Every structure is written in structure tokens, then in C-alpha cells.
Amino acid sequence: QGLRTVLQAAVLLRSERDIVFVLAGEGAEKEMLVKEAESLGLENVIFLKACPKSEMPALLEAADICLVPLRDLPVFQRAMPSKMYEAMAMAKPLVVSARGQSVEMLKESGCGLAVAPEDPKALEEAVRELYRNRSLAKYLGSRGRIYVEKYFSRQAIVSKWERLLTEICKK
């Protein structure tokens, strides 16, 4: 996760009192991130403990935008974070800070904005754009919902498996 980049973007957005970054979960770098946010005096960053999976829909519902900040490492070029599917299913616009497959799906679905990984200024600009243009944010969120319904709903997956199994059985 490129969460240091999120903190750096939060510094750039500290004058926007309505923009607050909520970072939920535990991780190896959490203590360091909390200390860094404190040392920077960031009042626009809130750290939550890990939430049970059952509470994630409520947390996502409260969000206006969902971030997917990945580090600029080759291993993440093939990454498809599950949080993308969850946010898309909740019709939330995404800001994906990454390279590779996650950005390809973002572009294919039209559900958000892609920025270069580990670029706090680009992340800040994308968040600011969606904050200022609420109709765009709503539209992008709706595109994500349509995409996951079409390709990742239970019915879509069952239909795909049925087609594959039918093709295999015909051989």
C-alpha cells in the first residue's frame, strides 16, 4: 500500500476542511504512519482499527471516494485489490494510484481516475477534482456498479462457468 503518499496528499489538502482521509486496518507500517501524521499535524487523517468484514459496507457507504494507493513496485502491476470490487459494488468512485491491471480495469470500467503511483500531487489533484465535481464522482461510481454487475455478479460468474464447462464437455 502506498499510504505514505496518502499522507503527503493530505498535507496538500489540509486547507479543504471537508476532505478527510480515513485509513482503516492494521499493518506493518501503521504505527509509523500514525506518528508521521501526528508529526505533520494532520487533522484531516483518521486512523481506524481493522473492521470486521461485516462492517465494511457501512464504512464504504460513508465514503465519498475510495482510494487504491499502491506502491510503484513490479509486484503490484498484477495486483487486483479486492477493495476495488467492493467500492465499485457500492457505486463509489475510485482514485487508483498504481500501474498495471488495476488501472486497466479502472479504465475499462470508467469508474474513476488513475494517477501515477507514489505521486502525492497527482493524488491530491484527483481527489480535489472529484470533491469539486460531485456529478462526475456520482457518474464514475455508477459506472463501477454497472461494471461489477455485468462481470462479477454471482449470475455473471455462474454464466461464465456454465459456458466454460459446456465447451469442455463438448470436446
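At what angle do the axes of helix α4 and helix α7 cross, and within what distance do they come?

## Helices α4 and α7

In this predicted model, the axes of helix α4 (residues 82-89) and helix α7 (residues 134-152) cross at roughly 110° and come within 7 Å. That angle makes α4 roughly perpendicular to α7, and the crossing of the two helices is left-handed.

On the α4 side, the residues that meet α7 are Y85, M88 and A89, and their partners in α7 are G141, G144, R145, Y147, V148 and F152. Sorted by class, the residues of this contact comprise six nonpolar, two polar and one charged.

## Helices α1 and α6

A second helix pair is formed by α1 (residues 3-12) and α6 (residues 120-132), which pack at an angle of about 60° with their axes 8 Å apart. Angles from 65 to 115 degrees count as roughly perpendicular and those under 35 degrees as roughly parallel, and α1 and α6 are therefore described as oblique to each other. Their crossing is right-handed.

From α1, the contact draws on T5, V6, Q8, A9 and L12, while α6 supplies P120, K121, L123, E124 and R128. By class, the contact of α1 with α6 contains five nonpolar, two polar and three charged residues.

## Aromatic pairs and the ring cluster

Three aromatic pairs are counted in the model. One of them joins Y147 and Y151, whose rings are tilted, with 4.8 Å from centre to centre and 50° between the planes. Both residues belong to helix α7, where they stand four residues apart, about one turn of the helix.

Y147 also forms a tilted aromatic pair with F152, with 6.2 Å from centre to centre and, again, 50° between the planes. Taken as a group, Y85, Y147, Y151 and F152 are linked into a cluster by ring pairs. Of these residues, Y85 of α4 and both Y147 and F152 of α7 are also listed among the residues of the contact between those two helices.

## Exposure of the paired rings

Which of the paired residues in α7 are buried, and which are partly exposed? Y147 has a relative accessible area of 9% and is therefore classed as buried, since the cut-off for that class is under 20%. Y151, by contrast, is partly exposed, with a relative accessible area of 38%, and F152 likewise counts as partly exposed at 37% relative accessibility.

Technical notes. Residues numbered from 1 in each chain as written. Predicted model: local features only at pLDDT ≥ 70, side-chain atom pairs only at ≥ 80, totals over all residues. Heavy atoms only, no water. Axes fitted to C-alpha atoms, helices over the stretch in contact; angles between N-to-C directions. Parallel < 35°, antiparallel > 145°, perpendicular 65-115°, else oblique. Left-handed = near helix turned anticlockwise from the far one by under 90°. Contact = heavy atoms within 4.5 Å. Nonpolar A, V, L, I, M, F, W, Y, C, P; charged D, E, K, R; others polar. Phe/Tyr/Trp six-rings, centres within 6.5 Å; stacked < 30°, edge-to-face > 60°. Buried < 20%, exposed > 50% of the residue type's maximum accessible area, 1.4 Å probe, protein only.
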